[in-house]
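Please set out how this protein chain is built and what surrounds its ligand, with the reasoning kept close to the coordinates.

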Amino acid sequence: MSRNRFPHPRIWDKCIGMRQAIDVQAAMEAPLLAIAQADIDIVPLVFDRFFVSFPDERAKFMNLEAAAGRMVNETLEAMIGLAEDAWWVETTVTNFVDLHRDYGAIGVEVYAGFVDALTETLQEAAGDGWSADSAAAWADVAARLKGMIGGALDE
Ligand code: HEM
């Protein structure tokens, strides 16, 4: 594209970037809206799924009822924050990884299992609200969150 016309290639690239950002947000939002509309509480579904894969982790919880919703919501927030490249996500991840050191040894593969349990639950609960775009967008932030957790664990 010529530089002597509007839009300038730089602006054009920026617009494409913005459009992609909007699409990613819509793709991430659609399953959440579908779940909200169906009035499904995903919290117990996430934990059931997580404990099927990691039954030994159940013993770490003193008060699962109190922590479960906060765990799911904070993970969702971090993933949505990552989709927006929000500056605070890294701090949030460092903080919750540090907090969890008090709960026993939780390896990166266990965190990854929790993130997977959440993503799979979203897919199952969203029904028609889940699309190939949703799968790609959620898989991308899941991979980035796992990487960030791994980094925080290594600190
Ligand atoms: C992946 C992201 C995760 C996030 C964002 C997260 C977040 C949280 C939050 C916000 C709390 C509540 C703290 C409070 O209010 O006192 C909590 C508690 C807890 N989390 Fe997580 N968590 C995550 C993963 C995990 C994993 C993989 C485990 C593995 C077992 C785990 C085990 C616990 C335990 C044992 C508690 C204390 C609750 C109790 O004693 O019953 N968390 N977590």
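Sorted by class, the shell around the ligand consists of 12 nonpolar, 3 polar and 4 charged residues. The model is a predicted one, and the values below are computed from it. Of the 19 residues around the ligand, those that come nearest are Phe-61, Met-62, Ala-67, Glu-74 and Phe-114. Two or more residues of this shell are given by each of the elements α3, α4 and α5, and α3 gives the most, with 6 residues.

The protein chain that holds this site has 6 helices and 0 strands, and the order of its elements from the N terminus on is accordingly α-α-α-α-α-α. Taken along the principal axes, its C-alpha atoms fill a box of roughly 65 × 40 × 20 Å. Of the 155 residues of the protein chain, 21% count as buried. Among contacts in the protein chain with a separation of 6 or more, 80% are accounted for by residues 24 or more positions apart.

In soluble globular proteins, nonpolar side chains tend to be buried together. Here, the largest nonpolar core has 27 residues, and within this core Val-46, Leu-118 and Leu-145 have the most contacts. At least two residues of this core are supplied by each of α1 (9-37), α2 (42-53), α3, α4, α5 (108-126) and α6, while the largest share, 7 residues, comes from α5. Once its neighbours within four places in sequence are left aside, Leu-118 is in contact with Val-46, Val-72 and Thr-75, and Val-46 is itself one of the residues with the most contacts inside the core.

Helix α4 can be examined in more detail, beginning with its length. Its 12 residues, 89-100, should span 16 Å at 1.5 Å a residue, and the C-alpha atoms at its ends are 16 Å apart, so the expected and computed spans agree. Which residues of α4 are buried? They include Val-89, Val-93 and Val-97, and because these cover an arc of only 65 degrees around the axis, they are on the same side of α4. On the other side of α4, Thr-91, Asp-98 and Leu-99 are exposed. The cover over the buried residues of α4 includes α3 (64-83) and α6 (132-154), and α3 and α4 are also among the elements that give two or more residues to the shell around the ligand.

Two further residues illustrate positions between buried and exposed. Gly-69 has its place in helix α3, and Leu-32 lies in helix α1. Why does Gly-69 count as partly exposed? There are 15 other C-beta atoms within 10 Å of Gly-69, and a residue is called buried at 20 or more and exposed at 12 or fewer, so Gly-69 falls in between. Leu-32 is likewise partly exposed, because it has 17 C-beta neighbours inside 10 Å.

For each of these two residues, the table gives a partner together with the separation along the chain and the distance between C-alpha atoms.

| Residue | Partner | Separation in sequence | C-alpha to C-alpha distance |
|---|---|---|---|
| Gly-69 | Pro-44 | 25 residues | 8.6 Å |
| Leu-32 | Ala-126 | 94 residues | 7.1 Å |

Read together with the position of Leu-32 in α1, the second row links that helix with Ala-126, at a C-alpha separation of 7.1 Å.

How values were computed. Residues numbered from 1 in each chain as written. Predicted model: local features only at pLDDT ≥ 70, side-chain atom pairs only at ≥ 80, totals over all residues. Helix = DSSP H or I, 4+ residues; strand = E, 2+ residues; numbered from the N terminus. Expected span 1.5 Å × (residues − 1). Arc of directions from axis to C-beta. Contact = placed C-beta atoms within 7 Å. Core = buried A, V, L, I, M, F, W, Y, C linked by C-beta atoms within 7 Å. Near = placed C-beta within 6 Å. Nonpolar A, V, L, I, M, F, W, Y, C, P; charged D, E, K, R; others polar.
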